[in-house]
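Student: I have a model open on my screen, and I would like to understand the labels attached to it. Could we go through a few together?

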Amino acid sequence: MKIDIASLFPAVCESYLSASIIGRARTAGVVEVNCHNIRDYAENKHRSVDDKPYGGGTGMIIQAQPVYSCICGIIEGQQEKSPPPRLIYMSPQGKTLTQELVKELAKEPWLVILCGHYEGIDCRVLEELAFEEISVGDYVVTGGELPALILTDSLVRLQEGVLPDSSAYTEESHWDGLLEHPLYTRPEVWRGRKVPETLLSGHHAEINKWRAEESLNATAKKRPDMYNFHK
């Protein structure tokens with residue numbers, strides 16, 4: 001899988017993407033993730049990419065031209081080796097990111113993710129390039145970098161060779177519409193709280209049964225909306 005991230009602050013993305021599981025996957029060549037600076041495509045000596053909004057209002061708007069040139073530059077530089085990418089704009093107005101959507105996007109060979117900033121991006125370039133808008137929740141953050149990292153992280157970990165095996169993600173919360181069962185490790189007793197006897201029994205069938213029941217209980221207690229839908 002290949003992911004290209006277009007941002008005004010690519011160093012913010014690069015620092016996270018170079019660490020931990022994603023960093024190792026990039027180094028090993030399991031996935032390809034590139035960060036691009038939109039300012040590099042500004043057509044003025046000051047590398048300015050924003051201006052005041054028409055109609056008045058606070059804040060600044062990222063102009064269409066540098067975004068258009070950046071995205072076209074990314075695609076033109078790599079399209080000979082790849083099919084056209086799926087274009088995604090991280091936006092609070094987009095459809096909410098879910099595990100089902102992550103599963104769908106994880107099958108794409110190439111994604112280009114656009115990060116907004118300031119008050120947003122001139123909508124004409126989003127329309128011109130037919131961007132798909134995705135939100136990480138019903139709230140607003142300073143820029144699209146954090147949402148882009150959330151999306152990238154969720155996608156990379158599903159790629160073959162990134163995690164030890166598929167159980168590393170199929171047995172976690174949301175994969176099958178439920179929350180994960182409670183987790184325990186050593187010591188067996190901590191501040192008077194004991195690990196459930198079933199988990200110490202070594203009886204795998206009983207352990208799996210316990211985990212399935214506790215997964216349902218956790219979902220019913222913490223996310224009744226998910227539990228009712230699952231029923």
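Tutor: Happy to. This is a predicted model, and a good place to begin is K2, which lies over the face of W110 at 4.1 Å from the ring centre.

Student: What makes K2 count as lying over the face of W110?

Tutor: The NZ of a Lys has to be within 6 Å of the ring centre and within 35 degrees of the ring normal. K2 is at 4.1 Å from the ring centre of W110 and is listed as over its face, so K2 fits the rule.

Student: Which ring does R191 lie over?

Tutor: R191 lies over the face of W190, at 5.7 Å from the ring centre. For an Arg the atom is CZ, and the limit is again within 6 Å.

Student: Why is R191 called exposed?

Tutor: Exposed means over 50% relative accessible area. R191 has 70%, so the label follows. R191 is found in the loop between β8 and β9 (193-194), and its phi is positive, about 50°, although it is not a glycine.

Student: What makes a positive phi worth pointing out?

Tutor: Most residues other than glycine have a negative phi. R47 is another residue with a positive value, near 55°. R47 sits in the loop between β2 (32-37) and β3 (50-51).

Student: Why is R47 called partly exposed?

Tutor: Partly exposed lies between the limits of 20% and 50%. R47 has 37% relative accessibility, so it falls in that range.

Student: How many aromatic pairs are there?

Tutor: The count comes to one aromatic pair. The ring centres of Y184 and W210 are 6.5 Å apart.

Student: Why is that pair called tilted?

Tutor: Planes under 30 degrees apart count as stacked and over 60 as edge-to-face, with the rest tilted. The planes of Y184 and W210 are at 55°, so the pair is tilted. The pair links distant parts of the chain, with Y184 in the loop between α7 (167-170) and β8 (189-190) and W210 in helix α9 (residues 204-222).

Student: Are the two partners, Y184 and W210, buried or partly exposed?

Tutor: Y184 is partly exposed, with a relative accessible area of 43%. W210 has 12%, and buried means under 20%, so W210 is buried.

Student: Where is H117 found, and what is it in contact with?

Tutor: H117 is in the loop between β6 (110-115) and α5 (123-128). Leaving aside neighbours within four places in sequence, its contacts include L8, F9 and E145.

Conventions. Residues numbered from 1 in each chain as written. Predicted model: local features only at pLDDT ≥ 70, side-chain atom pairs only at ≥ 80, totals over all residues. Heavy atoms only, no water. Phe/Tyr/Trp six-rings, centres within 6.5 Å; stacked < 30°, edge-to-face > 60°. Helix = DSSP H or I, 4+ residues; strand = E, 2+ residues; numbered from the N terminus. Buried < 20%, exposed > 50% of the residue type's maximum accessible area, 1.4 Å probe, protein only. Contact = heavy atoms within 4.5 Å.
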